[in-house]
Amino acid sequence: MSGMRVFCGNANRPLAEEICRYLGIQLGDANTTRFSDGEFNYQINENVRGADVFIVQPTCPPVDSHVVELLIMLDAFRRSSAERITAVIPYFGYARKDRKDRPRVPISAKVMANIITTAGATRVLTMDLHAGQIQGFFDIPVDHLYAAPVLLDYFAKKKLDNLVVVAPDAGGVERARAYAKRLDADLALADKRRDKERANTVEVMNIVGNVAGRPALIVDDMVDTAGSLTQVAQAIADKGATAVYACCTHAVLSGPALERIAQSPIEELVVTNTIPHTNLPPKIRVLSVAGLLAEAIRSIHTATSVSRLFV
């Protein structure tokens, strides 16, 4: 593919390499080093003048460090006269603060959009944003992919009879309904209350819908500390579900997440590789979205529609 180059920082190099293998190209040559005080340093080792550049860098933990890496890389390519610079952000950090829901709080997602654009991005490719309206925070084109084709294909092949898909909260109903429709399953909803004064703190009040005597699949965009996910799973199990499965695009898995998942009634948690992990327990299965991202990169480069990648 003439003129197309794919580079990455330190956030998820295995995913960038897999994308390049899919596209049949070499990962771009650059040095990612740090000064002795920890500051990030970057140097591109090839000519990118006039190139169509894609930088693969999820802003996953350590979030602040990976955000700064992305900004510095964007600046390097802008100053190297790349014709177009697409920030490929499979996981978009700081997405949970997408509105001013209390007095004197920031809209962090908007801040991220501003600095990514200012640093030099002319286009953004991302996946399963925590809130779809974040696309509108950018004044540059944003291609928003969904991991649903990969996750749906996996659960369709499991052939779970009499399945019910569960939305973990009211905000996830649209996503869960789409999964239920494509898996020919019923829909249920967890009614939960979130403590706005304490992050990652929720209380499950009830399960709306019939989950007794049937397998249940919880669908969410991300799992962080797994507090909410495991509470919903326990509530479903208490209501008589025969098995509890869960799928989330972004496996943040911070704090006590792995311990909570291990102790929960979740039989299998299926996630994607937007965020890299090693040595995950067998209960957690990781599916690759490299093919989806690679096809989107190909479509952007060739100016063809990416909507064919949606389900």
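Ile19 is a good place to start: leaving aside residues up to four places away in sequence, Ile19 touches Val56, Ala290, Leu293, Ala294 and Ile297. Please keep in mind as you look around that this is a predicted model. From Ile19 we can move out to the nonpolar cores, and then to the charged pairs, where the count comes to 17 salt bridges.

**Nonpolar cores**

- The largest nonpolar core has 49 residues, and Ile19, Val165 and Leu293 are the ones that touch the most other members.
- Helix 8 gives the most to this core, contributing seven residues.
- Another core lies apart from the largest one; it has 34 residues, including Ala51, Phe92, Ala113 and Val124.

**A salt bridge from helix 8 to the segment after it**

- Arg308 and Glu295 meet through their side chains in a salt bridge, at 3.0 Å from N to O.
- This pair links distant parts of the chain, with Glu295 in helix 8 (290-302) and Arg308 in the segment after that helix, 13 residues apart.
- Is Glu295 buried or exposed? Glu295 counts as buried, because its relative accessibility is 16% and the buried class covers values under 20%.
- Its partner Arg308 counts as partly exposed, at 47% relative accessibility.

**A salt bridge within helix 4**

- Lys157 forms a salt bridge with Asp153, and their closest N and O atoms are 3.2 Å apart.
- Why are these two residues separated by about one helical turn? Lys157 and Asp153 are separated in this way because they sit four residues apart in helix 4, which covers residues 148-158.
- Lys157 counts as exposed, since its relative accessibility is 62% and exposed means over 50%.
- Asp153 has 39% relative accessibility, so it counts as partly exposed.

**Other salt bridges to look at**

- The side chains of Lys97 and Asp101 meet in a salt bridge, with 3.5 Å from N to O.
- Lys97 counts as partly exposed, with a relative accessibility of 22%.
- Asp101 is also partly exposed, and its relative accessible area is 32%.
- Which residues are linked in a network of salt bridges? Asp75, Arg78 and Arg79 are linked in this way.

Methods: Residues are numbered from 1 along each chain as its sequence is written. This is a predicted model: local features need pLDDT of at least 70, side-chain atom pairs count only at pLDDT 80 or more; totals for chains, interfaces and linings use all residues. Side-chain values use heavy atoms; hydrogens and water are left out. A salt bridge is a side-chain nitrogen of Lys or Arg within 4 Å of a carboxyl oxygen of Asp or Glu. Buried means under 20% relative accessible area, exposed over 50%, partly exposed in between (1.4 Å probe, protein chains only). A nonpolar core is a set of buried Ala, Val, Leu, Ile, Met, Phe, Trp, Tyr and Cys residues joined through side-chain atoms within 4.5 Å. Contact means heavy atoms within 4.5 Å.
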